[in-house]
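Visitor: I would like a close look at a single part of this model, followed step by step and with the computed values kept in view. Please take the time that the details need.

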Amino acid sequence: MFFVSLKRIARYGYQSFLRDKGSSMALLFIMVLTLSGATTLFLVRGATSFLVLALESRVDVSAYFLKETPEQNILDVQTQLLQLPEIRDVKYVSQEDALKKFTEANQNDPVILSSLQEVGRNPLLASLNIRTWEQGDYAKVVDALQRGDSASIIEKIDYQDRRPTIEKIGALTTGIQTIGFLVVLLFGIAVVLVAFNTTRLAIYHARKEIEVMRLVGASNAFIRGPFFMQGAMIGVIASIVTTLLFMVPVFLISGFVERLLPGFNLAGYFLSNIFLILLLQLVLGIGLGVLSAAIAMRRYLEV
Amino acid sequence: MNIVFERVSKVYPPGSVALEDISFSIDQGEFVSVVGKSGAGKTTLLKLLLAEEKPSSGRVLVDGGNIGGIRPSRLPDFRRKIGMVFQDYRLLPHKTAYENIAYVMEVMGAEEEEIARDVTEVLRIVGLSDRSDHFPDQLSGGEKQRVAIARALIHRPGVIVADEPTGNLDPYHTRDIIHLLLKINELGTTIILATHNKEVINRLGKRVLTLDQGRLIRDEQKGRFVI
Ligand SMILES: Nc1ncnc2c1ncn2[C@@H]1O[C@H](COP(=O)(O)OP(=O)(O)OP(=O)(O)O)[C@@H](O)[C@H]1O
Ligand SMILES: [Mg+2]
């Protein structure tokens, strides 16, 4: 009985959606705008969290060792460092590895390669690349390296304080998200208003019909159901339309984004999250559609 | 279903008196006609029975329960026990003839096959099998009236209330519809029929309530149309 009624309500909702094309389309349009805002926000979030992660995972401290240091001594320092709780990992790069990397990185630069040749031997130093858990801990590591026995075999220590950059990006992200959220909120309110008005008009036009439905024994649920169903249906269609609409530009700008943010593939990110995005849109779309129908009915469809 | 009107008056605001101090009772299975001039209060009386309007004073009792004070949540169930033919048809404009009739069974949660079978059958009975896909504004007055009648019969209610159901029908269809109502009545359904049609009343030879300016002036078991 319940499912039979649900099926019928769905059919009525679908019928009135088709019959009232004008207002359905207006609502659909503004709903798509809202969902687009939310989706953009989702993608921006993805890109910035990628950026922060990339920055955080860069090497914090590099310690270069004197030329003739035996490898075993360097490995001892590595073992000691790994005992410090602040340290996430320590990577040993031998002189040969360093040279290989250097040659690879500069393989398109004949000047550098030829000058390397001229030097005749490996000018690069062996190093330990150290990453800490917390950005702020780099100072402790530097301190430990300079004070311990290792100080005598270290040529130089390179470190970078990336905290200001990360904080800046963090602030920027929060800013973008706040503005984006406000825009989505604004659109969301517009959706509720438009949907509310649509439902109100529909109820007004159908008031005689609704009266007849009551007189032939239709329950409230049976009368209200189709209005809810219509709101939900517009939410579903808007979600699908928005997702499809995003496909094209996302693929178009993906290359551009990759140049700005090396390693971040926008299209890939979009595709691998497509079900989450669709789910997000469905929840938002259906929620808004049903909510506004509910408000209109509360006000205009007396029991 | 036992129907009792107990000193019922209905005044439409601001001061139009439609019914005044009406009392009568109808037992299950009766065939009762309500006659009276235009504006005598026939439609109002039927509206009170369906709880579309509330009495200004007095009580309308159905099986002992006061319909004027019925809880809104109980209304759908109550109305499903009554089949109503409205004077102005009141078909749903965006539904076809078939869908209008089916709607009554749909709100009751009937099975799809049952609905298809019954609606097809009742459309055949009222002679509209070939009009089932027409929307109300694609139907003639008489056809609309017959859809309205079909809608009132479809769910086999205990009481059928028909407000001028033959107003737009030719003598041929009028005879058919009255014959149909009589047959349904023989099966135990209460029929309450409001009409202007003198011939119909006189041929029926059933109980007649005569209204005049909102008052019940006559209640005869084998009534004739006298105004
Ligand atoms: N909603 C209303 N508001 C005010 N007055 C009304 C309303 N409905 C009916 N009336 C008045 O109540 C009186 C009875 O009306 P009703 O419709 O019951 O008459 P009727 O007997 O059905 O007439 P007819 O044979 O023309 O259908 C009339 O005088 C009418 O003008
Ligand atoms: Mg009338």
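Where in chain B is the place of B:Pro14? Please start there, and then take me along to the surroundings of ligand 1.

Guide: The model is a predicted one, and what follows should be read with that in mind. B:Pro14 has its place in the loop between strand 1 (3–12) and strand 2 of chain B, and the peptide bond that joins B:Pro13 to B:Pro14 is cis, with omega at about 0°.

The two strands that flank this loop each hold a backbone angle worth checking. In strand 1 of chain B lies B:Arg7, a residue that has a positive phi of about 45° although it is not a glycine. Its relative accessible area is 56%, and B:Arg7 therefore counts as exposed, since exposed means over 50%. In strand 2 of chain B the residue to look at is B:Asp21, where phi is again positive, near 50°, in a residue other than glycine. With a relative accessible area of 38%, B:Asp21 is partly exposed, because this value falls between the 20% and 50% limits.

From here the path leads to ligand 1, which is surrounded by 13 residues, the closest being B:Ser38, B:Lys42, B:Thr43, B:Thr44 and B:Gln87. Taking the polar contacts one at a time, a polar side-chain atom of B:Lys42 lies 2.7 Å from an oxygen atom of ligand 1, and a polar side-chain atom of B:Gln87 lies 2.8 Å from an oxygen atom of the ligand. A backbone contribution comes from B:Ala40, of which a polar backbone atom is 3.3 Å from an oxygen atom of ligand 1. On its own, ligand 1 has 630 Å² of accessible area, and the protein covers 64% of it. Strand 2 (16–26) and helix 1 of chain B are the elements that give two or more residues to the shell around ligand 1, and the largest share, 3 residues, comes from helix 1.

Two of the closest residues around ligand 1, B:Thr43 and B:Gln87, also appear at the magnesium ion, ligand 2, as its protein donors: B:Thr43 acts through OG1 and B:Gln87 through OE1, at 1.8 to 2.2 Å from the ion. This pair links distant parts of the chain, being 44 residues apart, with B:Thr43 in helix 1 (residues 42–49) of chain B and B:Gln87 in the loop between strand 6 (82–85) and helix 3 (97–107) of chain B. As for their accessibility, B:Thr43 is partly exposed, with a relative accessible area of 25%, and B:Gln87 is also partly exposed, at 38%. For someone setting up a calculation on this part, a word of caution applies to the donor list, because water is not among the atoms and sites may therefore look incomplete.

To draw the part together, the cis bond between B:Pro13 and B:Pro14 belongs to a description that places B:Pro14 in the loop between strand 1 and strand 2, and strand 2 is in turn one of the elements that give two or more residues to the shell around ligand 1. Within that surrounding, B:Gln87 has a side-chain contact with an oxygen atom of ligand 1 at 2.8 Å, while its OE1 is listed as a donor of the magnesium ion.

Definitions and conventions:
Residues are numbered from 1 along each chain as its sequence is written. Chains are lettered from A and ligands numbered from 1 in the order in which they are written. This is a predicted model: local features need pLDDT of at least 70, side-chain atom pairs count only at pLDDT 80 or more; totals for chains, interfaces and linings use all residues. Side-chain values use heavy atoms; hydrogens and water are left out. Donors are N, O and S atoms within 2.8 Å of the metal (3.2 Å for Na, K and Ca); water is not among the atoms, so sites may look incomplete. Helices (H or I, at least four residues) and strands (E, at least two) are DSSP runs, numbered from the N terminus. Buried means under 20% relative accessible area, exposed over 50%, partly exposed in between (1.4 Å probe, protein chains only). A residue is near a molecule or strand if one of its heavy atoms lies within 4 Å of it. A polar contact is a pair of N or O atoms within 3.5 Å; within protein, one must be able to donate a hydrogen and the other to accept it, and residues adjacent in sequence count only if both atoms are side-chain atoms. Accessible areas come from the Shrake-Rupley method with a 1.4 Å probe; for residues, only the protein chains shown count as cover.
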